[in-house]
Amino acid sequence: MTTYTSNNNNHKSSSPLSTCSSTSTSSESIAPPKKRTTRRTRNNPLTSSIKQQFDEFLATFESLVNSEKSLKSQAAKLKQKMGEERKKLLNVIRRRQNFVSAKFHRKSLAFRINVQKSVRRSITGDANRSLRRYIQEPPQIKFIDKMSFSVSVLILLLSEFLMLSYPSFFKWFYVCMLFPLMLVRYVDYRDKKYHFFMFDLCYFVNFLSVAHICFFPNSTWLFETIFVLANGPVLFAIIVWRNSMVLHSVDKMTSLFIHAFPPFYCFTHRWLDTSRVRIASTILSTHSWLLSPTLMYVMWQFTYLLKTEVVSRSYLEQNVDVETSLRWLARDSKNFTNKLAKKVCTRIGVMDQKEKFDSTSLKTKFIFVAFNFFYFAICILPTTSLFSYKYVHLAVLLFAMFCSVWQGANYYIEVFSERYSSSLEQKAKQLQEQYLFIDENLDSLMEDKWAEIQSDVSDLDTNEFEYDTSDEYTDGDGDGGYTPSARDERDSSQRQFVDDNEY
């Protein structure tokens, strides 16, 4: 009886559990089966390599724990294996980087060529016609000269209007005109290798004038120093160096601007500007007339020599075609300074009668530094009268401008009328000869460039590593380009084409 009861109780206690399990089994049988989603895994060489390294490291660790192999030999083998795997991993990364870089270079080249074509088409009407060649053709040269002439006349009229009617605004007009002209002058002189002329004294005085206008407008001693420098060596340079008012020439008008506008600014600031308190002193003190300008001149001369003789000495020695003031004055035997220096040095016995100036010799450098200082000392002598008397100052300004107008008239009547037509014809012949053998097919240039880029990553072994060929890495088009032999045959012409078509 006892045994029967316990079995019965056990049977009763287990019946709910069996009922529940049967219920769950029936419910599972009734529920529809879930669809198994098979996820496609990509065979990535990076993850496979890392997984393999981890498995080998785990096996090595287990062998060390079980003392199956010696610790020293196992560590050396593990180190060698890790080094090999590291090299393989770096090689994979490097190849992928090269491939992505090649694609970027191709897309950037295509974008550049498309932009270049659109700009050329909008300006020249032909996508394969270079802008440099276009602006050097006679019709474009004539148009640029007409525009320069018109703009020069308008600037002269506007300058006169501001000086007489609104003298307080003239200084800001001067600053706004200076920066674009200096930018154009630098680009032009850099192309002609004249950019070392921009370290001369006249540019330094313009820099001081802008500093006084923008940063130190209330500095009396700085204005007096600028007054002496601007109305002395800078103003008289219009007469000595024969600056001409040639209205169609941007180069000649810029040269006239940097010599004439600092004195104009000093005149308006000294005599015409009524928006501020006038300068109390009516005469220049000895300190303002001689000491401060001389110290400023010596500072400029020291900086100039430091630049040309120390900082850029190797550059000037390697590029003998780069012009400086010293090289130009020493070579130009017809220049007034060259003649005067040669005559004085011959008379005092420093040079022989047949000796010529050599811009590389120390004697020539010393002679021209001394003559520059002599020119500076002579030119600052009348500035004290210009500072004290308004109409004397005005008369000197008008005389300097009359000299520039006279030189411009001589140029137009005696030089320009004879040279202009012949120079345009000569320019047209030079352009025809220069661009006769140039291949201007930009599409072939792009394909040629892409072939060179592909040659840099030709060692990319896609059979060894399965790369992802989605849009993340490849472009979707074919290889394109020419064969290496065809590219070698056109290397010289294409290189000349690329140099010519930089815009």
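**Why these words fit this model**

Modeller: Let's start with one residue: leaving out residues up to four places away in sequence, Val-369 touches Gln-301 and Leu-305. Touching is the same as contact here, which means heavy atoms within 4.5 Å. This is a predicted model, where local features need pLDDT of at least 70 and side-chain atom pairs count only at pLDDT 80 or more, while totals for chains, interfaces and linings use all residues. Residues are numbered from 1 along each chain as its sequence is written, and side-chain values use heavy atoms, with hydrogens and water left out.

Colleague: Thanks! Where does Val-369 lie, and why is Val-369 called partly exposed?

Modeller: Val-369 belongs to helix α14, residues 362–379. Helices are DSSP runs of H or I with at least four residues, strands are runs of E with at least two, and the numbering goes from the N terminus. As for exposure, buried means under 20% relative accessible area, exposed means over 50%, and partly exposed is in between, using a 1.4 Å probe and protein chains only. Val-369 has 28%, so it falls in the middle class. Its C-alpha atom is 9.0 Å from that of Leu-326, although the two residues are 43 places apart along the chain.

Colleague: What makes Ser-292 count as buried?

Modeller: The relative accessible area of Ser-292 is 8%, so the residue is buried. You will find Ser-292 in helix α10, residues 286–311, where it touches Thr-225 and His-287, again without counting residues up to four places away in sequence.

Colleague: Thr-225 is in α8, I see. Why is α8 called roughly perpendicular to α10?

Modeller: Two packed helices are described by the angle between their axes and the distance between the axes. For α8 and α10 the angle is about 80° and the axes are 9 Å apart. Since 65 to 115 degrees counts as roughly perpendicular, α8 earns that word against α10. The other classes are roughly parallel under 35 degrees, roughly antiparallel over 145, and oblique for the rest. The axes are lines fitted to C-alpha atoms, for helices over the stretch in contact, with angles running from 0 to 180 degrees between N-to-C directions. Residues that meet here include Trp-221 and Val-228 in α8, and Trp-289 and Met-296 in α10.

Colleague: Now the rings. How many aromatic pairs does the structure hold, and what makes Tyr-189 and Tyr-194 edge-to-face?

Modeller: The structure holds 26 aromatic pairs. The ring centres of Tyr-189 and Tyr-194 are 5.6 Å apart and their planes meet at 85°, so the pair is edge-to-face. The rule is that rings of Phe, Tyr and Trp (its six-membered ring) pair if their centres lie within 6.5 Å; planes under 30 degrees apart count as stacked, over 60 as edge-to-face and the rest as tilted. Tyr-189 also pairs edge-to-face with Phe-197, at 6.4 Å centre to centre and 65° between the planes. Tyr-189 is buried at 9% relative accessibility and Phe-197 is buried at 14%, whereas Tyr-194 is partly exposed at 32%.

Colleague: How do you know that the charged end of Arg-270 sits over the ring of Trp-271?

Modeller: A charge sits over a ring if NZ of Lys or CZ of Arg is within 6 Å of the ring centre and within 35 degrees of the ring normal. The charged end of Arg-270 is 4.4 Å from the centre of the Trp-271 ring. Lys-252 sits over the ring of Tyr-411 in the same sense, at 5.3 Å from its centre.

Colleague: What makes up the largest nonpolar core?

Modeller: A nonpolar core is a set of buried Ala, Val, Leu, Ile, Met, Phe, Trp, Tyr and Cys residues joined through side-chain atoms within 4.5 Å. The largest one has 56 residues, and those with the most contacts inside it include Tyr-203, Phe-257 and Cys-266. Its largest share, eleven residues, comes from α9. Another core, of ten residues, lies apart from it and includes Leu-326 and Phe-368.

Colleague: One last oddity: what is the phi of Arg-242, and why is Arg-242 called exposed?

Modeller: Phi of Arg-242 is near 55°, a positive value in a residue other than glycine. Arg-242 is in the loop between α8 and α9. Its relative accessible area is 56%, so Arg-242 is exposed.
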